[in-house]
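User: Please explain the terms applied to this model, setting each value against its definition.

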Amino acid sequence: MARDLREGLLLGMGNPLLDISATVGIEFLKKYDLHPNDAILAQDKHKPMYDELIDLYQAEFIAGGSVQNTMRVAQWFLEKPRIATYMGCVGTDRYSKILEDRAQAAGLNVRYQYCNNEPTGTCAVVITGNERSLCANLAAANCFSPSHIEEPENKKCIEMAEYIYISGFFLTVSPETIQQVAQHALENNKMFMMNLSAPFLCEFYQKPMLAVLPYVDILFGNETEADTFAKVNNFQTTDRKEIALKLSQMEKINKKRQRIVVITQGAEKIIIVKDNTVTEVPAIKLPQEKVVDTNGAGDAFVGGFLAQLIQGQNIEICTKCGIWAATQIVQRSGCTYEGKPNFTP
C-alpha cells in the first residue's frame with residue numbers, strides 16, 4: 001500500500017525536543033514539584049533537574065517532541081521515506097544535530113528553523129515505576145516564527161501536504177503560524193488535525209485553542225485533557241462520551257465534513273465520535289510487567305492512526321493501528337521501535 005504514497009503528503013508542526021529520560025524515585029518528583037502522568041513547561045525551579053538526570057541517573061537521550069514522535073511512528077508504518085515533513089525550531093548545537101540525524105534516519109523530511117541565541121529544547125522524562133512525568137524546557141522551540149513558513153522551500157512543503165497535524169503544545173509557541181496554516185488547509189479543503197496535548201493547555205491557553213478549534217477536522221486527546229477541556233469550557237458534564245460529542249459539535253468552518261473526535265483512555269476503550277455517533281474501540285491491556293514506559297504512547301497512537309488515514313483507511317482501522325502502535329511503544333523506553341511493523345487490520 002505504501003508504494004502508492006507520495007512525498008510530502010503529511011505535514012507535522014511542533015516543538016522538537018531532545019528527551020532526557022531517566023528512572024527516579026518518588027523523592028525526585030517531590031523535590032521538583034512534579035506529578036506522575038503529567039506534562040508541564042519548565043520554570044526556573046526545574047532548570048537544575050536536567051543536569052541532575054544526566055549526572056546522577058544514567059539518563060538516555062531520545063529524539064522527542066510530541067509531533068516529531070508522531071511523524072517518526074507514521075514513517076515507521078509507511079516504510080517509504082519523506083512521506084512526512086516536520087517543522088519546528090532548534091538551536092545550532094550538538095543536540096539539534098542528534099535530533100536531525102535521528103529524525104532523518106526515521107525517514108522524515110526535516111525542515112527545522114535554526115535559532116542562534118537559544119539552545120535546542122529539552123524535555124525531562126521522569127519515570128517512576130510505569131508512570132512518567134514530562135517537564136519541557138522549550139528554549140529554541142519557543143523561537144519558531146511565521147517567517148519560516150514563508151521561505152519558498154517550506155511554503156512548497158505546506159502546499160504539497162494534504163494532511164496537516166499540530167500539537168496543542170505549539171499553541172504556546174506560535175499561534176499565528178497555526179492560524180495561517182489552518183486557513184491554508186481550509187481554503188484548499190485539506191485535513192487539519194490537532195491534539196489537545198496536555199491539561200494545562202486546555203486551562204491556560206484556552207483563547208488560542210478556541211481560536212484554532214473551528215478549523216480542526218480531527219481532534220485527538222486523552223481522558224485528562226478531555227476532562228479539563230470540559231470543565232474549563234463549562235460543558236456541565238463529566239460523561240466522557242458526552243464530552244467527546246460536544247467537542248465534535250463545537251463550531252466548525254469547513255462544512256464539507258464533520259469533526260471527528262478521538263479520546264484515548266490509557267488501557268480503557270477509545271472513544272470516537274464521527275457523524276454525531278459515539279463508538280468505542282477496546283484498547284489492548286498489557287500485563288503490568290510488560291509495560292516499560294508510557295511516555296510516547298499517545299504520540300505513537302496518533303502516528304499509527306495517521307499512517308492509515310493518509311492511505312485512505314476507515315476510522316476503525318486507523319484507530320486499531322493507533323492502538324497497536326501505542327502497545328508496541330509502551331514496551332520500550334521512550335518513543336522508540338525496532339524491526340518492521342506487522343500490524344494487520
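The exchange below takes up two residues and one sheet.

Analyst: The model is predicted, so local features need pLDDT of at least 70 and side-chain atom pairs count only at pLDDT 80 or more, whereas totals for chains, interfaces and linings use all residues. Residues are numbered from 1 along each chain as its sequence is written, and side-chain values use heavy atoms, with hydrogens and water left out.

User: Why is Arg259 called buried?

Analyst: Buried means under 20% relative accessible area, exposed over 50%, and partly exposed in between (1.4 Å probe, protein chains only). Arg259 has a relative accessible area of 1%, and is therefore buried. Arg259 is found in the loop between helix H11 (240-249) and S12; helices (H or I, at least four residues) and strands (E, at least two) are DSSP runs, numbered from the N terminus.

User: What makes the approach of the Arg259 side chain to the backbone oxygen of Met250 a polar contact?

Analyst: A polar contact is a pair of N or O atoms within 3.5 Å; within protein, one must be able to donate a hydrogen and the other to accept it, and residues adjacent in sequence count only if both atoms are side-chain atoms. The Arg259 side chain reaches that oxygen of Met250 at 3.1 Å, and a polar atom of the Arg259 side chain lies 2.8 Å from the backbone oxygen of Glu251. Both values fall within the limit of 3.5 Å.

User: Is Gln265 buried or exposed, and how do you know?

Analyst: Gln265 is buried, because its relative accessible area is 13%, set against the limit of under 20%. Gln265 is found in strand S12 (residues 260-265), and its side chain joins that of Arg240 in a polar contact of 2.7 Å. Beyond its neighbours within four places in sequence, Gln265 is in contact (heavy atoms within 4.5 Å) with Glu223, Arg240 and Ile271.

User: How do you know that strand S7 and strand S8 pair?

Analyst: Two strands pair if DSSP finds at least two bridges between them. Seven bridges join S7 (residues 122-128) to S8 (residues 131-137), and these strands run antiparallel; the partner of Cys123 in S8 is Ala136. The criterion for pairing is therefore met.

User: What makes strand S3 and strand S4 edge strands?

Analyst: The open sheet has five strands in the order S3-S8-S7-S2-S4, with mixed pairing. Strand S3 (38-41) and strand S4 (60-64) each pair on one side only, and are therefore its edge strands.
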